[in-house]
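Here's a quick walk through one model, helix by helix and residue by residue. Have a look at it first.

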Amino acid sequence: MKYRIDKIPMTDQVIFKFPDLMQFANIFASEIGMPQNVTADFVMRYIMLMYSPGSPGIEIYPMLAKRKTWALKELGVNPLVDGSFPTEYNELLLNKNQACRAKVVLFLRLQQPEDWAIMMRAEEMLYDLLSLEFPEDPTDQKNHISNIESLRKQLSESRERFMQGEISKALENEITKFLAQDNLGIRPEEYMMFAPKGTAPGKAKADQMFPEVGN
């Protein structure tokens, strides 16, 4: 496992133990917008267990729902009698919390720079192409449409690899926002200045992506 968090006491913040994570330390360590009673360090440990290269959970639990319950249990959080988890963890499990999603996106960006670069370039080219006037010549129209479809396919495929099996629309939208900010030259820490606060405990309901987690 790339990040051996099992050897780091829960009293220490994990991001300060890994130099490559330090570039986004002000975001990874920020408690702003965190779900109630859930610390930024806990969120980062969860993210590392979920998406870190070499994490045993990826091989043992290819299905995300099972890997998510495994990650929580590894961090000492056990399910309730009915099999669900305490409501304060729903925002994290269901990608309902914007500040948590931002940490996920930035962590994945560090692990998969190639896919991030592909998405950035495809997003920029697609924007430029859609900004052009639609051609009048039938052949040019066909080429124009074909180029748009090709870029959208490239963007979709790279985003799917980047998300590592996540099917959360909210997480997908967060990736799109960060790509747009990157293409505008806006740094992540500047973008995160406008991050909204987390959802109130108990408001993050279970959904089809992770049905066994709920109130």
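What follows covers two helices, the core, and a few residues worth a look.

First, the ground rules. This is a predicted model, so local features need pLDDT of at least 70 and side-chain atom pairs count only at pLDDT 80 or more, while totals for chains, interfaces and linings use all residues. Residues are numbered from 1 along each chain as its sequence is written, and side-chain values use heavy atoms, with hydrogens and water left out.

Let's start with helix H2, residues 40-51. Helices here are DSSP runs (H or I, at least four residues), numbered from the N terminus. The expected span is 1.5 Å times one less than the number of residues. For the 12 residues of H2 that should give 16 Å, and the end C-alpha atoms are indeed 16 Å apart.

How many of the 12 residues of H2 are buried? Taking buried as under 20% relative accessible area, exposed as over 50% and partly exposed as in between (1.4 Å probe, protein chains only), the count is 12 of 12, so H2 is largely enclosed by the rest of the structure. That includes Asp41 and Arg45 as well as Phe42 and Leu49. Among the elements covering the buried residues of H2 are helix H1 (25-28), helix H4 (64-74) and helix H6 (98-111), with contact meaning heavy atoms within 4.5 Å.

Now the core. A nonpolar core is a set of buried Ala, Val, Leu, Ile, Met, Phe, Trp, Tyr and Cys residues joined through side-chain atoms within 4.5 Å. The largest one has 57 residues, and Ile15, Leu21, Phe28, Tyr46, Met48 and Phe107 have the most contacts inside it. Several helices supply at least two residues each, including H1, H2, helix H7 (113-131) and helix H8 (138-163). H2 gives the most, with 10 residues.

Two residues help to picture this region. Met44 is found in H2 and is buried at a relative accessible area of 1%. Leaving out residues up to four places away in sequence, Met44 touches Val14, Ile15, Phe28, Lys103 and Phe107. Met44 and Phe107 are 63 residues apart in sequence, but 8.8 Å apart in space, C-alpha to C-alpha. Phe28, with the four-place neighbours set aside, has contacts that include Ile15, Leu21, Ala40, Met44 and Phe107.

For a polar case, try Gln111 in helix H6. Gln111 is buried, with a relative accessible area of 14%, and its side chain joins that of Lys2 through a polar contact of 3.0 Å. Such a contact is a pair of N or O atoms within 3.5 Å; within protein, one must be able to donate a hydrogen and the other to accept it, and residues adjacent in sequence count only if both atoms are side-chain atoms.

Over to H9, where the 15 residues should span 21 Å and the end C-alpha atoms are 21 Å apart. Its buried residues include Leu171, Ile175, Phe178 and Asp182. Seen down the axis, the buried residues of H9 fall within an arc of 165°, so they line one face of the helix; the arc is taken over directions from the helix axis to the C-beta atoms. At the N-terminal end, Ser168 caps H9 with a side-chain oxygen 3.3 Å from the backbone nitrogen of Ala170.

Finally, here are two non-glycine residues with positive phi.

| Residue | Phi | Loop | Relative accessibility |
|---|---|---|---|
| Asn37 | about 70° | between H1 and H2 | 63%, exposed |
| Asn95 | near 55° | between H5 and H6 | 4%, buried |
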